[in-house]
Amino acid sequence: MHDCHNEIFGWMRPLGAELRIDAAGNLRGLYPATTPNAPKLFIGSHLDTVPNAGAYDGILGVVLAVALLEALEGRQFPFAIEVVGFSEEEGVRFGSPFIGSRALIGTLDQDLMSHRDANGISVAQAIADFGLNPTEIPQAALKDDILGYVEFHIEQGPVLDTLGRPLGVVEAIAGQSRLEFTFVGRANHAGTTPMNLRHDAIAAAAEWIGAVERQAQAVPGLVATVGKIDAKPSATNVIAGEVRLTLDIRHGSDEIRTSSLNHLIRSAEEIAQKRGLLVSRKTLLSQPAVAMHPFLVSEIEAAIRASGCEPHRMVSGAGHDAMILAEKVPAAMIFLRSPGGISHDPAESVRIEDVASALECGLQLLDQLSSSPLLQKRMPRA
Ligand SMILES: [Zn+2]
């Protein structure tokens, strides 16, 4: 990561940006405004990635921010532009995502700082080992002078590629629920137990998995996945007595996600009752949807159009730093088409002409924001 920071610093130094690494390990490069004390527009994404990753998730958003500054050729705006390359977005090392962006909104708390990696090293220790001072993290937090946060990111899904559109604008980041369901029936002999006298936990779970898929297919925008299943005793000649399985369900509207989840809970109970089984459940995660800033969304939509592309409004099924920043500042995201919808894999790619369109869209957006009411509200009083 030191090498990565130095590489990006090398690109940004000639652009007249003021460079630093904050105490949470985020790269920060401030490009000045036409006037002092002007508000700041943040543009960036994350610099970390997953094992066996592709070359674009996260880093493309940082490189695009640097390329935008380069394309300005010294031109300045009534707002400063701060390029940010977040640390630890993926949560690979400590099992907790968004460590860098949480520092910016002041929610990188002691609990999170004490999380440990596989070698027992805490977040606080890792920060110190990197050469930073964890007690200075509060100084990484955003001040009141923020115009907004804009993030370019590959879509990591097939929607834009299927539509044949280079760029999309994210309206909301989907809320998600993760649960574990357990069907308990009765294990018994596969040869001697007649079909009408069985309480087969795998058959019950299978019926319910079908219901999950049908529900998600019937509700626009809903995605629901049973990704993990464990049966007991798991033997060829034994009717399963117990099945544990997970449900991951997501939607841009919390109301639709909750009502669909309730429907699936009722459906599990009905299936269990009909077959003489018991079903229980445990909630592992319940995270509300996060709306992107409506004004920024419509400005981005106009900027995409001005760059010669037909915009597509969409919900992000994955979490992003923008979701964290949105708690404190106006935030929005621009998605670039992911060829084949492939991500978190070495085959992840992006089209060079889509990157050119994203850059053009970014330049349009900066011009639009120079005269926007969002800016007027945040200018210091004369
Ligand atoms: Zn990412």
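1. The buried residues of helix H11 are Asp 354, Val 355, Ser 357, Ala 358, Cys 361, Gly 362, Leu 363, Leu 365, Leu 366, Gln 368 and Leu 369. The model under review is a predicted one. With 19 residues, H11 should span 27 Å at 1.5 Å a residue, and the 28 Å between its end C-alpha atoms agrees with this. An α-helix has 3.6 residues a turn, so residues three or four places apart point the same way.

2. Cys 361, listed among the buried residues of H11, has a relative accessible area of 0%. The closest cysteine sulfur to that of Cys 361 belongs to Cys 309 and is 8.0 Å away, too far for a bond. A disulfide requires the two sulfur atoms to lie within 2.5 Å, and the count of disulfides in the model is zero. Cys 4 counts as partly exposed because its relative accessibility is 23%, a value between the limits of 20% and 50% that bound this class.

3. Helix H9 has 13 residues and reaches 18 Å from its first C-alpha to its last, close to the 18 Å expected. Its buried residues are Leu 296, Val 297, Glu 299, Ile 300, Glu 301, Ala 303 and Ile 304. They pack against strands E5, E6, E15 and E16 and against helices H11 and H12. Just after H9, Gly 308 takes a positive phi of about 95°.

4. Glu 301 deserves a separate remark. This residue lies in H9, which covers residues 294-306, and is buried, with a relative accessible area of 16%. Leaving aside residues up to four places away in sequence, Glu 301 touches Val 169, Pro 311 and Arg 313.

5. Strand E16 (residues 331-336) is largely enclosed by the rest of the structure, since six of its six residues are buried. Ala 331, Met 333 and Phe 335 point one way from E16, while Ala 332, Ile 334 and Leu 336 point the other way. In a regular strand the side chains alternate between the two faces of the sheet.

6. Which strands pair with E16, and in which sense? E5 runs parallel to E16, and six bridges join the two; within this pairing Tyr 149 stands opposite Ala 331. E6 (residues 167-173) pairs with E16 in the antiparallel sense over four bridges, and Val 170 stands opposite Met 333. E5, E6 and E16 are also among the elements against which the buried residues of H9 pack.

7. The zinc ion has three protein donors, His 46 (NE2), Asp 57 (OD) and His 153 (NE2), which lie 2.0 to 2.2 Å from the ion. Along the chain these donors follow the spacing H-x10-D-x95-H. His 46 lies in strand E3 (residues 40-46) and His 153 in strand E5 (residues 146-154), so the pair ties together parts that are 107 residues apart in sequence. Both histidines, His 46 and His 153, are buried. Water is not among the atoms, so the site may look incomplete.

8. The largest nonpolar core has 70 residues, and those with the most contacts inside it are Phe 79, Ile 81, Tyr 149, Leu 336 and Leu 366. Helix H2 (residues 59-72) supplies the largest share of this core, eight residues. Another core, of 24 residues, lies apart from it and includes Leu 179, Ala 216, Leu 247 and Leu 277. In soluble globular proteins, nonpolar side chains tend to be buried together. Several points above bear on the larger core: Tyr 149 is the residue opposite Ala 331 of E16, Leu 336 is one of the buried residues of E16, and Leu 366 is one of the buried residues of H11.

9. Towards the start of the chain, strand E1 (residues 18-21) and strand E2 (residues 27-31) pair in the antiparallel sense over four bridges. Arg 20 has Arg 28 of E2 as its bridge partner. The two strands form a hairpin with five residues between them, and Gly 25 in the turn has a positive phi of about 85°.

10. The loop between E2 and E3 holds Pro 36. Is this residue buried or exposed? Pro 36 is exposed, with a relative accessible area of 67%. From Pro 36 to Pro 78 the C-alpha to C-alpha distance is 9.1 Å, although the two prolines are 42 residues apart in sequence.

How values were computed
Residues are numbered from 1 along each chain as its sequence is written. This is a predicted model: local features need pLDDT of at least 70, side-chain atom pairs count only at pLDDT 80 or more; totals for chains, interfaces and linings use all residues. Side-chain values use heavy atoms; hydrogens and water are left out. Buried means under 20% relative accessible area, exposed over 50%, partly exposed in between (1.4 Å probe, protein chains only). Contact means heavy atoms within 4.5 Å. Donors are N, O and S atoms within 2.8 Å of the metal (3.2 Å for Na, K and Ca); water is not among the atoms, so sites may look incomplete. Two strands pair if DSSP finds at least two bridges between them. The expected span of a helix is 1.5 Å times one less than its number of residues. A nonpolar core is a set of buried Ala, Val, Leu, Ile, Met, Phe, Trp, Tyr and Cys residues joined through side-chain atoms within 4.5 Å.
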